[in-house]
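Colleague: I should like a close look at a single part of this model, namely the pairing of its strands. Please then go on from that part to the remaining features that deserve a comment.

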Amino acid sequence: MTENTKVAVVTGGASGIGAEVCRYLAKDGIDIAIWDLNEDLMAEIAAEIKAMGRRVTMAVVDVSSRESIEAGAAKTRAVLGPVTILVNSAGMHSTAPLAEIDDATWNKVMAVNLTGSYLVAQTLAPDMEAAGWGRIVFISSSSIQTGSPNMAAYIASKGGVIALTKALAVELGPKGITVNNVPPGMVVTPMLKNLEENGGLGPGGAEALGQHLPVRKAGKPENIAKAVSYLCSEEAGYVTGHTLSVNGGRYMN
Ligand SMILES: NC(=O)c1ccc[n+]([C@@H]2O[C@H](COP(=O)([O-])OP(=O)(O)OC[C@H]3O[C@@H](n4cnc5c(N)ncnc54)[C@H](O)[C@@H]3O)[C@@H](O)[C@H]2O)c1
């Protein structure tokens with residue numbers, strides 16, 4: 001497939017890791033569709049991508065809603081053509097001890113993080129099958145590798161994403177589509193800042209916690225985006241079903 005036919009959907013592309021993925025894929029010569037709930041932030045990233053000389057579109061999409069995803073896909077195809085790369089970075093966090101998790105929160109976290117991953121992949125895989133080429137990268141979480149207190153809903157949802165990666169890698173591999181996931185470990189983004197402000201990272205926040213890691217620092221969105229860029233490349237065509245940890249050594253596969 002020639003470079004100028006590649007179109008990527010980046011969910012959660014308005015902020016943090018997703019926004020940096022938009023920048024890295026645009027640098028790789030890929031046209032970008034940003035899907036997110038935050039229209040103002042999306043517009044800012046879209047302007048950046050356009051200034052980089054790439055085609056770009058954006059759609060307000062809730063990844064937990066099939067209807068919303070189908071509308072986003074129709075808009076994206078109309079503007080940019082078929083989608084051959086999907087990076088699913090949209091996600092939500094929640095913290096509560098087991099006894100205090102309510103069903104509505106559990107279901108919402110599952111709907112956004114796990115069902116959302118399935119829905120976006122199911123909607124866009126047909127474009128990739130038609131092209132005989134595709135790349136799907138899910139953003140999971142290093143917390144599923146280490147475990148963590150008060151994060152049962154989040155960790156269970158992200159564990160499902162890793163299982164989904166393996167299931168789809170086997171199913172879609174014969175169609176030319178690779179499926180991988182990147183579990184970030186403590187990357188400084190608005191989501192992490194929010195956790196920090198709520199005291200969820202303990203005294204000193206991310207930077208203090210980072211001092212306990214082998215690399216002695218917290219991560220940056222660019223650390224994840226570069227890994228995603230690799231997994232979306234031609235050269236990564238022999239890598240599938242893989243969990244590519246980018247976590248400063250928090251957990252070693
Ligand atoms: N930052 C970290 O340390 C870290 C660690 C592990 C995993 N992650 C995962 O990385 C991904 C990106 O997180 P981030 O740190 O960049 O956070 P972030 O808050 O900066 O970005 C998340 C984006 O997802 C969007 N979003 C949330 N719910 C959505 C929905 N239902 N539909 C569409 N968009 C939605 C938000 O509007 C936001 O723009 C998430 O899946 C998160 O769970 C992050």
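Modeller: Two strands are taken to pair if DSSP finds at least two bridges between them. The model is a predicted one, and strand β4, residues 85–88, is a convenient place to begin. β4 and strand β5, residues 134–139, run parallel and are joined by four bridges, so the pair satisfies that criterion. Within this pairing, V87 of β4 stands opposite V137 of β5. The two strands also belong, together with helix α4, to a right-handed β-α-β unit.

β4 has a further partner in strand β1, residues 7–11: the two run parallel, again with four bridges between them. Here the residue opposite V87 is V10. V87 thus stands opposite V10 in one pairing and opposite V137 in the other. As for the side chains of β4, I85 and V87 point one way, L86 and N88 point the other way, and all four are buried.

β5 in turn is joined to strand β6, residues 177–182, by six bridges, and these two strands run parallel as well. I136 has V179 of β6 as its bridge partner. Six of the six residues of β6 are buried. Both of its faces are covered, with I177, V179 and N181 on one side and T178, N180 and V182 on the other. V179 therefore combines a place among the buried residues, which have under 20% relative accessible area, with its bridge to I136.

From the strands I turn to the largest pocket. Rolling a probe the size of a water molecule over the atoms shows where empty space is left. The largest pocket holds about 1,200 Å³ of space. Its lining comprises 49 residues, and those nearest the centre are H93, Y154, T189, M191 and L192. By character, the lining residues divide into 25 nonpolar, 19 polar and five charged. At least two lining residues come from each of α1 (16–27), β2 (31–36), α4 (103–131), α6 (152–172) and α7 (190–197); α7 gives the most, with four. α4, the helix of the β-α-β unit, is thus one of the elements that supply the lining. Domain 1 (3–184 + 224–238) and domain 2 (188–218) each contribute at least three residues to the lining.

Helix α6 also contains A169. A169 counts as buried because its relative accessibility is 9%, below the 20% limit. I101 lies 68 residues from A169 along the chain, and the C-alpha atoms of the two are separated by 32 Å.

Two loop residues deserve a remark on their backbone. Most residues other than glycine have a negative phi. N150, although not a glycine, has a positive phi of about 65 degrees; N150 lies in the loop between α5 (143–146) and α6. R216 is not a glycine either, and its phi is positive at about 60 degrees. The loop that holds R216 runs between α8 (205–210) and α9 (221–231). N150 counts as partly exposed because its relative accessibility is 40%, and R216 is also partly exposed, with a relative accessible area of 48%.

Notes. Residues are numbered from 1 along each chain as its sequence is written. This is a predicted model: local features need pLDDT of at least 70, side-chain atom pairs count only at pLDDT 80 or more; totals for chains, interfaces and linings use all residues. Side-chain values use heavy atoms; hydrogens and water are left out. On a 1 Å grid over the protein atoms alone, a cavity is a set of points where a 1.4 Å probe fits but cannot get out, and a pocket is an open set with protein on both sides within 12 Å along at least five of seven lines; lining residues have an atom within 4 Å of a point. Grid points are joined across faces, edges and corners, and a volume is the space filled by probe spheres set on the points. Ala, Val, Leu, Ile, Met, Phe, Trp, Tyr, Cys and Pro count as nonpolar, Asp, Glu, Lys and Arg as charged, and the others, Gly among them, as polar. Domain bounds come from an automatic or database domain assignment. Buried means under 20% relative accessible area, exposed over 50%, partly exposed in between (1.4 Å probe, protein chains only). A crossover is right-handed if, with the strands pointing away from the viewer, the path from the first strand over the helix to the second runs clockwise.
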